[in-house]
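Work through the two exercises below with the sequence and the coordinates at hand, and compare each step with the solution that follows it.

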Amino acid sequence: MRQEVEIIVHNALESLKGPWGLDSIPGADIEVPRNEEMGDVATTVAMGLTKILKKPPRKIAEEIVEAIQNLSLSKVGGPGVDIFESIEIAGPGFINFRFKNEFLHKKLEVLLTEEHSSLRNDIGKGRKVQVEFVSANPTGPLHVGHGRGAAVGNALCNILQAAGFEVEREFYINDAGLQVKLLGESVFARYLQLSGIEAPFPEDGYKGDYIESIAEEIIKRAGDEYVNRSLEDCGEFFTDYAYKMMLANIEKDLKDFGVVFDRWQSEKELYEKGKVQDSLQTLRQKDLLYEKDGAKWFNSTGFGDDKDRVVVKQDGEYTYFASDIAYHKDKLDRGFDTIINIWGADHHGYIPRIRSALAAFGLPKDKFRVILIQMVALLRNGEPVQMSKRAGEFVTLSEVVDEVGADITKFIFLTRRADSQLEFDIEVAKEQSAENPVFYVQYAFARISSIFRQAVEKGVKSYESRVTSQEKMSYLALLTENEELSLIKKLLQYPMVFEGAALSLEPHRITYYLQELAGMFHSYYNRHRVLSDDAGLANARLSLCKAVQIVLKEGLNMLGVSAPERM
RNA sequence: GCGCCUGUAGCUCAGUGGAUAGAGCAUCGGCCUCCGAAGCCGAGGGUCGGAGGUUCGAAUCCUCUCAGGCGCGCCA
């Protein structure tokens with residue numbers, strides 16, 4: 001829908017380039033007017049040209065409209081003005097286009113024939129994008145905050161894939177640092193305690209019940225084999241055993257949530273393969289590493305960071321940042337064109353140094369993008385659910401998924417912009433009512449499924465029967481009610497919404513669109529009978545319903561939410 | 001002290017420099033002898049935190065300011 005207008009406006013501007021004495025013409029942004037009465041699509045290009053041409057915007061708009069009309073006479077190819085019912089100039093200088101019904105029907109027919117492929121595009125052109133998300137420390141179960149990151153990352157990957165990118169979903173495992181060591185120590189202490197030995201629990205150790213479960217598991221497998229051993233002696237075993245168990249648990253929780261990763265990158269492996277050393281060596285060769293106060297520093301200020309950052313401490317140990325440099329260099333070495341990191345908002349201070357590292361290895365600035373996920377405030381009946389990580393008390397993702405359901409949880413996470421705080425009320429989410437936007441959308445889909453079941457029972461001639469495009473057009477032409485035309489236009493807007501979501505990395509745009517589309521469908525359904533006594537009309541309306549279903553399903557797929565035929 | 005994010009209807013939130021700022025919930029009033037009422041129709045509700053500025057035009061961009069959240073380690 002937009003494409004046709006874009007081409008026409010572009011051609012018109014091209015023809016005006018000479019008369020206007022311009023070397024180049026601006027890209028014409030095509031938007032959907034706020035009110036439907038204004039038109040189906042509009043462009044503000046005339047207003048944007050006022051400064052350059054030093055003419056009033058409405059005058060420029062007139063010239064553009066005139067050029068569009070002349071364009072059709074000269075037949076330059078491509079879509080012609082005959083797709084428009086009207087072209088009007090309005091307000092300060094908007095050019096509003098209104099399509100002929102015939103054009104809308106034709107586009108609907110294309111949607112019905114090509115289905116999902118007509119809704120996608122190829123802005124990615126096969127370029128490789130790497131999306132790293134969740135990357136929770138394997139020291140405990142995932143909590144709801146991780147779930148939000150998982151939902152957003154997953155949806156984003158789905159969208160980018162549909163937009164023609166080659167996407168890799170990766171989980172980075174922090175299995176090399178002090179945290180996993182502390183996890184091992186915590187489990188060791190519990191192991192000893194469960195074996196009847198008085199053992200001190202490490203300060204700041206992990207206190208959740210799951211620590212005990214892991215200890216029990218070890219007792220089950222190894223009995224008292226480690227009771228008389230020291231921490232130095234078997235700490236590594238406990239660390240390894242514990243974090244691998246946690247990792248398996250995390251992977252299962254994610255899978256239950258409907259999120260599957262392509263790759264799990266171990267931090268430890270980066271050290272073992274010498275990649276940390278290598279990456280620092282590369283920086284040294286670029287003269288971006290120096291020694292000061294007995295430590296080694298990376299010159300990140302050279303790339304816009306506030307201050308330089310230590311990569312090797314005085315005691316010779318690497319900092320966390322050192323392995324992160326190696327990790328991000330590895331991403332580049334694997335040939336990704338764009339690197340997307342989804343982080344908790346509390347990590348925002350980390351962005352400049354990673355950006356610096358990537359820039360040092362030659363990645364253009366705009367090829368590194370970070371999505372910050374804000375905290376989730378968990379409520380129950382309006383009351384905040386107290387969570388204390390110190391005491392090991394927090395609501396896990398799996399608990400919420402078990403209680404509320406994966407579809408609802410994901411959808412709610414995707415009804416907000418990633419970087420705005422979100423309230424998640426478990427009781428409200430559980431209610432199968434209008435409070436719950438996911439039902440509203442799914443209900444529209446299920447309702448249409450139900451209509452199709454009715455249609456089969458009543459023996460209405462199937463819309464799917466093999467008919468030529470011509471025949472299809474002849475009954476689609478019966479869709480002339482206002483609600484029907486509005487619905488078709490809304491369907492045709494999907495690709496614009498989708499593209500916006502892909503370019504801005506904002507899955508929530510699709511969530512909002514789906515709610516609007518579902519709303520228009522419900523409204524239509526209440527006003528007009530789909531299974532009309534008039535067979536042709538019934539067929540046309542079934543086709544419209546089918547198209548709504550295709551778009552609903554496409555959108556829900558992007559969000560990773562199911563589209564049930566019954567509910 | 002410095003940096004980042006947020007501030008829009010009673011509540012939760014959309015809103016990529018454009019037209020009269022929207023949705024859901026909540027409140028009030030209607031709609032099932034007919035395809036799923038998890039639905040529909042209607043009503044009320046706004047100093048877009050505040051003040052300047054940029055321009056044809058600002059919720060959106062800039063500066064200042066107020067409020068809330070987060071981050072500022074040779075921690076991870």
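Two strands are taken to pair if DSSP finds at least two bridges between them. The model is a predicted one.

**Exercise 1.** Determine which strands pair with strand E13, and in which sense they run.

*Solution.* Begin with strand E15 (residues 422-425), which is joined to strand E13 (residues 376-380) by four bridges, the two strands running parallel. Within this pairing, Val376 has Leu422 of E15 opposite to it. Turn next to strand E14 (residues 383-384), which runs antiparallel to E13 and is joined to it by two bridges; because the criterion asks for at least two bridges, this count is enough for a pair. Here Arg380 has Glu383 in E14 as its bridge partner. Finally, look at the connection: the hairpin of E13 and E14 has two residues between the strands, and Asn381 adopts a positive phi near 55 degrees there.

**Exercise 2.** Establish the strand order of the open sheet that contains E9, and find which helix packs on that sheet.

*Solution.* The open sheet consists of three strands in the order E8-E9-E10, with antiparallel pairing. Strand E8 (289-292) and strand E10 (309-312) are the edge strands, since each pairs on one side only. From one strand to the next, the twist averages 45 degrees. For the pairing of E8 with strand E9 (residues 295-298), count four bridges in the antiparallel sense, and note that Tyr290 lies opposite Trp297 in E9. The helix sought is H12 (residues 320-333), which packs on the sheet by touching E9 and E10, and whose direction makes about 85 degrees with that of E10.

Conventions. Residues numbered from 1 in each chain as written. Chains lettered and ligands numbered in written order. Predicted model: local features only at pLDDT ≥ 70, side-chain atom pairs only at ≥ 80, totals over all residues. Heavy atoms only, no water. Axes fitted to C-alpha atoms, helices over the stretch in contact; angles between N-to-C directions. Contact = heavy atoms within 4.5 Å.
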